[in-house]
Amino acid sequence: MILVNTDYITGKELEMLGIVKGSTIQSKNIGRDITQSFKTIVGGELKAYTQMMNEARAIATKRMVEEAEALGADAVVNVRYVSSAVMQAAAEVIAYGTAVKFK
């Protein structure tokens, strides 16, 4: 499956199949929340949350690809990611794009 953030794939004529998306809501355990809150006092990267968001993007992408494959897509164009806090220490990540088939 080809994933691009452009609306075209060089050398390919595309047939649009529709919008596809994948999402997940992730949080860290209370122990991680406490240790990460101490980090905000001194500053620096919150590595546990960076890891959490990387995992969330990977899950959302996988789910988007599965939805595209179910449509018979060869690729997803215009791939975008959105994240938002849904509650304290929990974030939703959505991956979306347009499933396409090569003509």
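Contact here means that heavy atoms lie within 4.5 Å of each other, and the model you have open is a predicted one.

Begin by selecting V76 and then add its contacts, leaving out residues up to four places away in sequence: V76 touches M1, I2, L3 and V4, together with V20, M64 and A68, and also G97, T98 and A99.

Keep V76 selected and widen the view to the largest nonpolar core, which holds 15 residues, and in which V20, M64, A68 and V76 are the members that touch the most other members. To see where this core comes from, colour helix 2 (47-70), strand 3 (75-87) and strand 4 (90-102), the elements that give two or more residues to it. Helix 2 contributes the most, with 7 residues. Apart from this core there is another one, made of 5 residues, and to find it you can select I9, A75, V77 and V100, which are among its members.

Next, move to K101, which is found in strand 4. Is K101 buried or exposed? It falls in between, because its relative accessibility of 33% makes K101 count as partly exposed. Show the residues around K101, again setting aside those up to four places away in sequence, and you will find that K101 touches E13, L14, E15 and L17, as well as G72 and D74. A distance drawn from the C-alpha of K101 to that of E13 comes to 8.5 Å, although the two residues are 88 residues apart in sequence.

Finally, display the side chain of K101 and the backbone of G72, where the K101 side chain reaches the backbone oxygen of G72 at 3.0 Å.

Methods
Residues numbered from 1 in each chain as written. Predicted model: local features only at pLDDT ≥ 70, side-chain atom pairs only at ≥ 80, totals over all residues. Heavy atoms only, no water. Core = buried A, V, L, I, M, F, W, Y, C linked by side-chain atoms within 4.5 Å. Buried < 20%, exposed > 50% of the residue type's maximum accessible area, 1.4 Å probe, protein only. Helix = DSSP H or I, 4+ residues; strand = E, 2+ residues; numbered from the N terminus. Polar contact = N/O pair within 3.5 Å; in protein donor to acceptor, adjacent residues only side chain to side chain.
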